[in-house]
Amino acid sequence: MKWSEFFTSSVGKKFVMAFTGLFLISFLIVHVGINACIFADMVDPDDNGEMFNKAAHFMGASYVIRLMEIGLFAGIILHIVQGYMLEAQNRSRRKEGYAVSMGSKGSAWYKKSMGLLGTLILLFLIVHIAHFWVPSRITYETTLSEVSYNGNAMHDVFSKMVEVFQNGYVVILYILGCFSLAWHLLHGFQSSFRTVGVHNKKWLALVQSVGIGFSIIVPLIFALMPISIFFGWVTNS
Amino acid sequence: MEHYTMNLTLKVWRQKSSKEKGSFETYKVSDISSEMSFLEMIDVLNERLINEGKEPIAFDHDCREGICGACSMYINGRPHGPWTANTTCQLHMRAYKDGDTIVVEPWRANSFPVIKDLVVDRGAFDRIIAAGGFISANTGNAVDANATPIEKDKADAAFAAAACIGCGACVAACKNSSAMLFLSAKVSHLALLPQGGPERKSRVLNMVQQMDKEGFGACTFTEACEAVCPKEISVTNISRLNKEYLIAGLTEEK
C-alpha cells in the first residue's frame, strides 16, 4: 500500500485529523502554560508581566522554536483543510435526506457539530492572530514597546495583552472562543485517541476522563486571562 | 400489559422504482392491536390496499424474529423505531398509543439506493464482505471445533462482533452515512480469532478499500450507530478496526 493510498482512504483521512488534532492539543498545553505566566502578577504585584514577557521572549528568540512554529501552522492548516474536505464529503453521502431527523437521539449535539465548532474556532483564531501573532511576530517594530529586565531588552508583549483586553467586546469574543474550544475538545480529545486505535477498556476510561478534565480546565484558564486583565486582577502597575 | 386497540395515521414513503421520484402517502389504519408487530400492522394495511386494487407497500422482511437483518424501516426519525436493541420486525404496536402519527422512511444513503418504497439495495454490504470477510481453511474433513484453543474473553468479544446482522441501521443513523460499525464488526470478529490470522492484514485493507469504493462516509465517532444497532455492536470495534488498518497499512509488504 502506497503512502498516498494509506492517507487518502476514509480511515487514513481520519488518521490525519486525529494526529493533527493530538498535535494541536499538545500545542494548547504549551500555549496555556506560557500564557498562564501572566498570573504571576496576582501573587507578586510587582511582577507586571515580567515572567510572561520572559517566557514570550524565550518562545520568540530561539530558532528551534520558530521552526516548530512553522510545523504548528502546517498542523493547523492541515487540520482545517482536511476537516472541511471530510465534512463536505461526508455530507454528500446522503443526497436525499430524512423527513424526520434523528436529532440528538443517540448522539450529543456537539459530537455532530465538530465542523460548526471548528469554524467558530477558526473565526476566533483569525481575530486572535490579528490581535497578537501579527503584532508580535511581523509588525513588532511599530506595535510593541520594549522593556528591560536586568539589562536584557525584550518586547513588552504583556502591555499589548493588557491593551487588547481593555475592550469588553473583545473579552466576550475570547470567552466565546474558549467555549467553542471546550466543546470541540470534549469530543475531539477522546475521539482522536479512538480513531488512532485505542480500544482497551482501561485506556478508553483514562482517555475519556482526562479528555473531560482537559476540555474544561484548559479553556477555563485561557478564558480567565482576558477576564483577569479586564477586571484589573492582573495589571501593568 | 393490557391489550388495547388503536387508530393511527401512517405517512409512508412510496416510490415506484429507483428511477422515479418518491413522495409520502398518508394512510389511516384502525383497530390495530397492541399485540401486533409493526410489520403485521403494515401487512394489515397492505391487505386493505390489495383489496382496494392499489399497489401494496413494498418492504424487506424475512425471519421476523430479529436475526436475519432484512427489515429496514426508519420510523419517526430512528432506524428500527423507538426501542433500543431491536429490529423493526420485533417492534410491537404497544410502543404506540391511539391517535399517533408514524412516519416511515427507507434507509437513506447514496450507497443504499431505494429499489421500491421502503426497500433499499444493500448489495454494497455484500461486496464489502466479499472483499475480505472470509478465512482460509483446509479442505477435507472439518477440523474439530475445539481443536483450536481460544481465550474465553476473545471468543466472547468475537461473538459479540459476529452478532452483526448487516441490517444497515448504522449507516441509516450516521450523519456521514458511514458503514464503519458494520465493517468494524466484520473485521473484529475475524481479527480476534486465530482462524482469521492468515488474511488479517489484507482483509482490513481490502474491506476498507471496498467500503470507500461503495461511497460510504468516514467515521466521526458520534456513536449514533451504536445507539440504534439492534445487536448492540460497540463502537470500540471501530477503534479496533482503525488499529488493524494502521498496523496493516504501515507493515503490509505490498
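**View 1. A bridge pair, A:Y149 and A:N152, in a hairpin of chain A.** Let's start with two residues: A:Y149 has A:N152, in β2(A), as its bridge partner. This is a predicted model, so keep that in mind in every view. Strand β1 (residues 146-149) of chain A runs antiparallel to strand β2 (residues 152-155) of chain A, and four bridges pair them. Two residues sit between the strands of this hairpin, and A:N150 has a positive phi near 50°.

**View 2. Confidence along chain A.** The mean pLDDT of chain A is 92, and 100% of its residues reach at least 70. Look for two helices here: among the elements of chain A, α7 (residues 140-143) has the lowest mean pLDDT, 82, while α9 (residues 168-195) has the highest, 96.

**View 3. The length of helix α1 (residues 38-51) of chain B.** Here is a sum you can follow: at 1.5 Å a residue, the 14 residues of this helix should span 20 Å, and the C-alpha atoms at its ends are indeed 20 Å apart, so the two values agree. After α1(B) comes B:G53, with a positive phi near 80°.

**View 4. The two sides of α1(B).** Which residues of α1(B) are buried? They are B:F38, B:L39, B:M41 and B:I42. Seen down the axis of α1(B), the buried residues fall within an arc of 150°, so they line one face of the helix. What covers them includes β2 (23-33) of chain B. Now turn to the other side of α1(B), where B:E47, B:I50 and B:N51 are exposed.

Key:
Residues numbered from 1 in each chain as written. Chains lettered and ligands numbered in written order. Predicted model: local features only at pLDDT ≥ 70, side-chain atom pairs only at ≥ 80, totals over all residues. Expected span 1.5 Å × (residues − 1). Buried ≥ 20, exposed ≤ 12 C-beta atoms within 10 Å, placed from the backbone. Arc of directions from axis to C-beta. Contact = placed C-beta atoms within 7 Å. pLDDT = per-residue confidence, 0-100. Pairing = 2+ DSSP bridges.
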